[in-house]
Every structure is written in structure tokens, then in C-alpha cells.
Amino acid sequence: MEVPVHVQELLDALRAGGFTACPVGGCVRDSLLGRVPGDWDLCTSARPEQVKQRLSGRWRTVDTGIAHGTVTVLTAGGPVEVTTFRVEDGYSDHRRPDGVRFVASLEEDLARRDFTVNAMALDEGGIVDPFGGRADLEARVIRCVGEPAARFEEDALRILRALRFAACLDFSIEPATLAAARAAAPTLCRVSAERVFAELDKLLRGAGAGRVLAESGDILAQVIPAIGPCLGFDLRTPRHDRDLWAHIARAVGLAPARRNVRWALLLHDLAKPACFALDARGVGHAPGHAARGAALARQILADLKAPGRLARAVEPLVRWHDTPMPQDLPGARRWLGRWGWPTLEEMVAVKRADLRAHAATAVIRRLEEADRFERLAGEAHRRGDCVSLEQLAVNGSDLMRAGVCKAGPRLGRLLGAALNEVIEGRLENDPETLLAWAKTQKN
């Protein structure tokens, strides 16, 4: 395993002082998977004050978690967290240890960690793997270190971390670990909204997100209660060949791993149970679920303390996901002018994943419509077609200078009418044509 120069220099400095020092956790896991680690964490037998004494002559250190044994070292290659070997005593709030004790043993430190794939270290003799993490990497399994119920009892956040790792690594969750996570799910109320959002945000962009959502809906309903009514909900329509939650999970899994798109798909149908009704033939419908779902999505994201920009991006994707897309060029131009190309791309991605998660034979025509709309809107975007007043070749000042009209409501109506003529293709977007046309208008 190749260790970056800036990390190796820290290891050498600590080891030269007589201390054990090892890369640990995610950086070891990712290296074994052939991935480039996003960051490197070290564990050491040196106490925090010894770490600082040993390293501060060459590097700047920051006491980011000194009470729990963590010192952050600022290196040329980026910050590196160095943590003293420790064990943790009690988790009365199901989140944070009541106290920590520093120990001299690497294996004791590894034993406190959440999952076997995160409980490996690299010492001078090679990989230290007392809990079978390497075998679980090969088997593509997420398994708790030791007794799963005890691990989740200590820290409820580990429940969501198990789901997140399974989604991001595209691993399965070992059955006893999943059963313990399910049993401990009510303790997720102890986890802050910000931490819940952070885990879900990563989970949703994982390669295995759809599969993980499908098997853990009852767990996720603890943090997004609106999921609960969707579990096992029969939509009673030939268009759907699975229950509502299975449809939602499948749609997420079929979508590109784009943040706005996958959040929209997670939330897009959560309002259906509240809007559901059967017609005279016994077929299910959910009128108004898109508009109601957009409001629900906004509230859920606010409750999770998600970034405002995410809520603003997701709301229209949910609101318009069930609306037929225009099949003519003027209609495509109007949508382009209203939303802009990046949002339209996401709308098409949401529409396509949602449709593909239906019964296959029921949505062929609607998929073709999505393809046609994407082609029309994409071509208009690439050509730079005029779709907004900002792109119109004349503005209010031009019309007033030409003596067409004075400032006031008529001026705005005239510009809007000119834009409509251009969008419809009846006028070219050039100043002379537009001014000549404007002079012929009576209202």
C-alpha cells in the first residue's frame, strides 16, 4: 500500500520518537479497494501532548479534538488527524462517549470502531486486521465490530453510517448487523438533523443507493416519517408493478448520481398516500400529489436543515415531475426560458428515472416524449434561441426611443408579446424586425 509522502513524514517523525504510529480506518479501506483516499488519519501510542511536542517544530498543529486525543497536523499535502490509541467509556446519550481512556494497544483502539472494514491499520509489518475487515472487503459486506446491538446502542449514528457505507461501496449489510440496525432504529431520534442529512446526502449518491433504500425503508422512516405510509403501499394501477416505496427506491437507483436528482426522486411520491383515491373501476390515482409533494419536500429538507439551495433546486423537480413535457419547439423554448438548461436536464433525468421505475410496457410512449422534449430543448439551448426578455434584441428603452410607446404597463405587454412571437418562430430576433413589428401593434 502506497502512503503519500506528507503522511509518511509524520509516521517517520512519530516512530523516530519511539512511538507506534499507523494509518487507520477509511484510508486503509479505500487503499485496499484500489481507491485514492480522500484523507488520511493516523493513530498512535503517543499522547496528544507528545504528538504536539514531537511534530510542532516542523508542522503546525491544531487542537481539534484534544479531549478525545485528536490533534490535526497541517502538512503541505493537507490536514492529517492524529489520534491517540483510546477506548471509550459509556454512551448515555446514544451518540458520544461519556469519556475516553488512552491505551497503549492498537488492537484495543481498533476494537472500539464501528465496522470491520474501518477497523484496519497499516503498521510497519503490514495490515493489522484483527476483526476480518479484509475478508469483508472481499465479500463486499458491512459488518459491525463485535456485537452489532452494542455498537448501535453506543452510537445511533452508526445505523445511518451502515446504510451509507453499503450504498457508497455498493456492499450488502451482514444480516445480523442489519437486524440490529433495524431494532435500534428508534434511537435515531438522538441524532441531530444535520448529521442525519449528511449521511443521507452521501447515501443517495452511492452506486447501491436504490438497493439500500429498498431494504431499509422502515429504518429511514425514523428520520423521514413521511416514508412510513409508503412502505408496502399498493398503488392499485397497472402502471405500477411494485409497492410505492419499492417504486421510489428503484427510481433513485435508476437515476444518475446527481444530488438534486436523487433527492427529488427520494421525495417525489411521498405525498401519494395522502392524495390517494380509487376510481369507479377500482384503479388508484393520486391527484395533486406533485404539488403537495413539493411542499412536503420543502418541509422535509427544512427539518433536516439541508442547504437552502438544495431545497430550491428540488422543489420544482418534485412539483413538475408528473407534468407532460411539451412536444413542440415553442413549448420547449418556454420551459427553457422558465427554468434554464441545467434545471431542465435534471427534470428530464427525474422524469426518465421515475418512468423507468414503472411497469415497463406502461411507459414506453412517455419515455419517448421525454426523449423528444430533451432533444428539442437541448437543441434550442445549444443554438442560443431567444427564450427570455433578457435575450430579446430590443428592450423597453429601444421601444421608447423609437417612439413606439411610453413607459408603463403597455410597454411590458408589448415586450412580452414580442418575445412570444419570437418563441413561436413568427418573428426573427433582430432589432429592425422587432421594432417594425412593434410599430404595427395597436394595444
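**Close-up views of a predicted model**

**View 1. The five-stranded sheet.** In this predicted model, five strands form an open sheet in the order 1-2-5-4-3, with mixed pairing. At its edges lie strand 1 (21–23) and strand 3 (60–65), each of which pairs on one side only. From one strand to the next, the twist averages 30 degrees. Strands here are DSSP runs of E with at least two residues, and helices are runs of H or I with at least four residues, both numbered from the N terminus; two strands pair if DSSP finds at least two bridges between them. Residues are numbered from 1 along each chain as its sequence is written, and side-chain values use heavy atoms, with hydrogens and water left out. Because the model is predicted, local features need pLDDT of at least 70 and side-chain atom pairs count only at pLDDT 80 or more, whereas totals for chains, interfaces and linings use all residues.

**View 2. Strands 4 and 5.** Strand 4 (residues 70–75) and strand 5 (residues 78–84) run antiparallel and are joined by six bridges. One residue pair in this view is Thr70 and its bridge partner in strand 5, Thr83.

**View 3. Helices on the sheet.** Helix 1 (residues 5–16) packs on the sheet, where it touches strand 1, strand 2 (41–44), strand 4 and strand 5, and its direction makes about 160 degrees with that of strand 1. Helix 3 (residues 48–55) lies across strand 2, strand 3, strand 4 and strand 5, running at about 15 degrees to strand 4. Contact means heavy atoms within 4.5 Å, and the angles, from 0 to 180 degrees, are taken between N-to-C directions of lines fitted to C-alpha atoms, for helices over the stretch in contact.

**View 4. The surroundings of Val80.** Val80 lies in strand 5 and, at 1% relative accessibility, counts as buried (under 20% relative accessible area, with a 1.4 Å probe and protein chains only). Leaving aside neighbours within four places in sequence, Val80 is in contact with residues including His6, Val7, Leu10, Trp40 and Leu42. Val80 and Gly34, 46 residues apart in sequence, are 20 Å apart in space, C-alpha to C-alpha.

**View 5. The largest cavity.** The largest cavity, a set of points on a 1 Å grid over the protein atoms alone where a 1.4 Å probe fits but cannot get out, has a volume of about 50 Å³. The residues that line the largest cavity include Leu317, Trp320, His321 and Lys351, lining residues being those with an atom within 4 Å of a point. Helix 18 (residues 341–356) gives the largest share of this lining, three residues.

Key:
On a 1 Å grid over the protein atoms alone, a cavity is a set of points where a 1.4 Å probe fits but cannot get out, and a pocket is an open set with protein on both sides within 12 Å along at least five of seven lines; lining residues have an atom within 4 Å of a point. Grid points are joined across faces, edges and corners, and a volume is the space filled by probe spheres set on the points. Buried means under 20% relative accessible area, exposed over 50%, partly exposed in between (1.4 Å probe, protein chains only).
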